[in-house]
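Hi,

Here is the structure I promised to pass on. Have a look at it first, and my notes follow below.

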Amino acid sequence: MENKKTKPKRIALTGGPGVGKSTVLDILSRQGYTIVPEAARIIIEQEMQKDGSCLPWRDLQGFQNAASNLQFELENSAEEPIIFSDRGIVDGYAYSQVGGILVPEVVLANGRDRYQAVFILDQLPKYQTDESRKEDIKTAKTLQVAINSAYIEFGYNPVQVPVLSPEERARFILNKLEKIIC
């Protein structure tokens, strides 16, 4: 009998900038789950090290194309039964809409039916920028709404994750996920 490989269950963990995705994903990683890192942050950090031009504040279209393609590649390279992604490729749709640029083709071609669950973390009461996250609070709130709308437009029913401690958020996600993918 042929050994058929089970298709991984992709779970997108997303929200506007600074909502605590990385902190929650770190907790899930420590619990043994496979995490796909955020492609946008990888590109920003690499480009800043070499003073490159593929940065959202220098070339938004080029950056969004590169980030969406890398996110797609990273997600496709993971083969474990459950994969949590720090953002999903559909985020590229929201960022493109807010930025007034063309949506990357990889998003349009692959955004539907890609994730078995989408979790959108509510914004935290305190917002902080950093070297990679330069959006002001107004833009962060606009992106939060746009990301939620984008996933709905692509046919998903996002689960809103309330503001709780990071550990409680991770438990909330795992409890909801158990009901979604059983």
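To start you off: which residue in E3 is the bridge partner of alanine 12? It is serine 85. Serine 85 of E3 is also the bridge partner of valine 36, so keep an eye on that serine as you go through the sheet. Before going further, please bear in mind that this is a predicted model.

**The sheet**

The five strands form an open sheet in the order E2-E3-E1-E4-E5, and the pairing is parallel. The edges belong to E2 (34-36) and E5 (159-161); each has a single partner strand, so one side of each has no neighbour in the sheet. On average, neighbouring strands are turned by 25° against each other, ignoring direction.

Here is how the pairings look one by one. E2 and E3 (residues 82-86) are parallel and share three bridges. Between E1 and E3, also running parallel, there are five bridges. On to E4: E1 is joined to E4 by four bridges, again in parallel, and isoleucine 11 has alanine 117 of E4 as its bridge partner.

How much of E1 is buried? Five of its six residues are, so the rest of the structure largely encloses E1.

There is a helix on the sheet, too. H1 (residues 21-30) packs there and touches E1 (9-14), E2, E3 and E4 (117-121). The direction of H1 makes about 155° with that of E3.

**H3 against H4**

Next, the helix pair I'd look at. H3 (residues 60-77) and H4 (residues 91-99) pack at about 175°, and their axes are 10 Å apart. That angle makes the two helices roughly antiparallel, because anything over 145 degrees counts as such.

Which residues make the contact? From H3 they are Leu60, Gln64 and Ser68, and from H4 they are Gly92, Tyr95, Ser96 and Gly99. Sorted by type, the contact has two nonpolar residues, five polar ones and no charged ones.

Two of the H3 residues are worth a click:

- Glutamine 64, in H3, counts as buried at 5% relative accessibility. Setting aside residues up to four places away in sequence, glutamine 64 touches Gly92, Tyr95 and Ser96, and also Ile101 and Pro104.
- Serine 68, in H3 as well, is buried with a relative accessible area of 3%. Apart from neighbours within four places in sequence, serine 68 is in contact with Ile89, Gly92, Pro104, Val106 and Val107.

On the H4 side, Asp91, Gly92, Tyr93, Ala94, Tyr95 and Ser96 are buried. What do the buried residues of H4 pack against? They pack against E1, H3, H5 and H6. After H4 comes glycine 100, with a positive phi near 70°.

**The aromatics**

There are five aromatic pairs in the structure. One of them is formed by tyrosine 115 and tyrosine 156, with 5.9 Å centre to centre and 50° between the planes, which is a tilted arrangement. This pair links distant parts of the chain, as its members are 41 residues apart. Tyrosine 115 is in the loop between H5 (105-110) and E4, while tyrosine 156 is in the loop between H6 (137-153) and E5.

Are tyrosine 115 and tyrosine 156 buried or exposed? Both are buried. Along with Tyr151, they make up one aromatic cluster.

**At the E5 edge**

Last, back to the sheet. Glutamine 160 is found in E5, which is one of the edge strands. Why is glutamine 160 classed as partly exposed? Its relative accessible area is 33%, and partly exposed covers the range between the 20% limit for buried and the 50% limit for exposed.

Leaving out neighbours within four places in sequence, the contacts of glutamine 160 are Ile120, Asp122, Asn148 and Phe172. For a sense of the distances, the C-alpha atoms of glutamine 160 and threonine 23 are 17 Å apart, with their positions 137 residues apart along the chain.

That's what I have. Shout if anything in these notes is unclear.

Cheers

Methods: Residues are numbered from 1 along each chain as its sequence is written. This is a predicted model: local features need pLDDT of at least 70, side-chain atom pairs count only at pLDDT 80 or more; totals for chains, interfaces and linings use all residues. Side-chain values use heavy atoms; hydrogens and water are left out. Two strands pair if DSSP finds at least two bridges between them. Axes are lines fitted to C-alpha atoms, for helices over the stretch in contact, and angles run from 0 to 180 degrees between N-to-C directions. Contact means heavy atoms within 4.5 Å. Angles under 35 degrees count as roughly parallel, over 145 as roughly antiparallel, 65 to 115 as roughly perpendicular and the rest as oblique. Ala, Val, Leu, Ile, Met, Phe, Trp, Tyr, Cys and Pro count as nonpolar, Asp, Glu, Lys and Arg as charged, and the others, Gly among them, as polar. Rings of Phe, Tyr and Trp (its six-membered ring) pair if their centres lie within 6.5 Å; planes under 30 degrees apart count as stacked, over 60 as edge-to-face and the rest as tilted. Buried means under 20% relative accessible area, exposed over 50%, partly exposed in between (1.4 Å probe, protein chains only).
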